[in-house]
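Got the model open in your viewer? Let's walk through it one selection at a time.

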Amino acid sequence: MTALTPPEGLLVPPGHGRTVRTPAQHVTFKVTGTHSRAASSFEVVVPPGFDVGAHVHARSEELFYVLEGELDVLAFEPLVRTPDNWQRWRSGSGSTVVRATPGTVIVVPPGCPHAFANPTGAPAKMFFQASPPPDHERYFDELLRILDAGGPPDVAAIAELRSRYDIEQLTPLRHG
């Protein structure tokens, strides 16, 4: 009889992991679908002026943990989904956008509109998990290829990419 070798865990030291750099943000892959059946995990640097835009996922669940800086965050269904400015949205229960500071955790279930933006003059950093893996990993990789093509971003290609990866964009992504 042969003894089974127990599986090994994964240790990712500070500053390690594959980093995808776009004009809008830096995403470092910390845990991928290769190592976890539960979630992909990333460290994300959000530059001043970046706004991911309100969006919703039908299947994905996300968790955000603010490590450094401040982010304006939305995680609720608004009374009205206006297509321009999610920062003014309000829920039926009275929820509004909040300023998330270090230590803030945001959990977003499937079907819940959400957004984050960095309205400050300094970069923010957050830990981000998306479940199930590896959709967000593939999305970031493919988005980088589109953005690296040169010239203005191909809006149609980005819209098609989002639809393939369970991202319904409700308000525009903005950066700079």
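**Stop one: the enclosed spaces**

About 30 Å³ of space lies in the second largest cavity. Bear in mind as you click around that this is a predicted model. To see what surrounds that space, select Val20, Thr22, Gln25, Val27, Phe140 and Leu143, which line the second largest cavity. Colour them by class and you get four nonpolar and two polar residues, with no charged ones.

How many cavities of 30 Å³ or more does the structure hold? There are two. The largest cavity has a volume of about 50 Å³. Its lining is made of Phe64, Leu71, Val73, Leu74, Ile106, His114, Ala115, Phe116 and Met126. Show the strands here too: β6 (71-75) and β9 (114-117) are the elements that give two or more residues to the lining of the largest cavity. By class, this lining comes to eight nonpolar residues, one polar and no charged.

**Stop two: alanine 115**

Stay with the largest cavity and pick Ala115, one of its lining residues. Alanine 115 is part of strand β9. Is it buried or exposed? Its relative accessible area is 2%, so alanine 115 is buried, the cut-off being under 20%. Leaving aside residues up to four places away in sequence, alanine 115 touches Val52, Gly53, Ala54, Asp72, Val73, Leu74 and Trp86. Now draw a distance from alanine 115 to glutamine 87: the two are 28 residues apart along the chain, and their C-alpha atoms are separated by 8.9 Å.

**Stop three: the rings**

Phe64 also lines the largest cavity, and it leads on to the aromatics. Searching the whole structure turns up nine aromatic pairs. Zoom in on phenylalanine 64 and phenylalanine 128, which form a stacked pair with 4.9 Å centre to centre and 15 degrees between the planes. Why does this pair tie together parts that are 64 residues apart in sequence? Because phenylalanine 64 sits in strand β5 and phenylalanine 128 in strand β10. Both partners are buried: phenylalanine 64 has a relative accessible area of 7%, and phenylalanine 128 has 4%.

Next, widen the selection to Phe29, Phe42, Phe50, Phe64, Phe116, Phe128, Tyr139, Phe140 and Tyr165, which ring pairs link into a cluster. At Phe29, add arginine 18 to the view; arginine 18 lies over the face of phenylalanine 29, at 4.2 Å from the ring centre.

**Stop four: the largest pocket**

Turn on a surface and look for the largest pocket, with a volume of about 490 Å³. Its lining has 29 residues, and to find the middle you can select Val52, Tyr139, Leu143, Arg162 and Leu173, which lie nearest its centre. Four elements are worth colouring separately: β5 (61-68), β10 (124-131), α1 (135-147) and α2 (155-164) each give two or more residues to the lining of the largest pocket. Which element gives the most? That would be α1, with five residues. If you are thinking about the chemistry of the wall, the lining of the largest pocket has 20 nonpolar, seven polar and two charged residues.

**Stop five: backbone oddities**

Switch to a backbone view and go to the loop between β10 and α1, where proline 132 is found. Serine 131 and proline 132 are joined by a cis peptide bond, with omega at about 5 degrees. Proline 134 has its place in the loop between β10 and α1 as well. The peptide bond from proline 133 to proline 134 is also cis, with omega near 0 degrees.

Then jump to aspartate 166, in the loop between α2 and β11 (168-169). Aspartate 166 is not a glycine, yet its phi is positive, at about 60 degrees. With 7% relative accessibility, aspartate 166 counts as buried.

**Last stop: lysine 30**

Finish in strand β2 (residues 26-31), where lysine 30 lies. How does lysine 30 count, as buried or exposed? At 14% relative accessibility, lysine 30 counts as buried. Show its contacts, again skipping residues up to four places away in sequence: lysine 30 touches Leu10, Val12, Pro13, Gly15, His16, Ser41, Phe42 and Glu43. One last distance to draw runs from lysine 30 to glutamine 129, which are 99 residues apart in sequence and 9.7 Å apart in space, C-alpha to C-alpha.

Methods:
Residues numbered from 1 in each chain as written. Predicted model: local features only at pLDDT ≥ 70, side-chain atom pairs only at ≥ 80, totals over all residues. Heavy atoms only, no water. Buried < 20%, exposed > 50% of the residue type's maximum accessible area, 1.4 Å probe, protein only. Contact = heavy atoms within 4.5 Å. 1 Å grid on protein atoms, 1.4 Å probe; cavity = no way out; pocket = protein on both sides within 12 Å on 5 of 7 lines; lining within 4 Å. Points joined across faces, edges and corners; volume = space filled by probe spheres on them. Nonpolar A, V, L, I, M, F, W, Y, C, P; charged D, E, K, R; others polar. Phe/Tyr/Trp six-rings, centres within 6.5 Å; stacked < 30°, edge-to-face > 60°. Lys NZ or Arg CZ within 6 Å of the ring centre and 35° of its normal.
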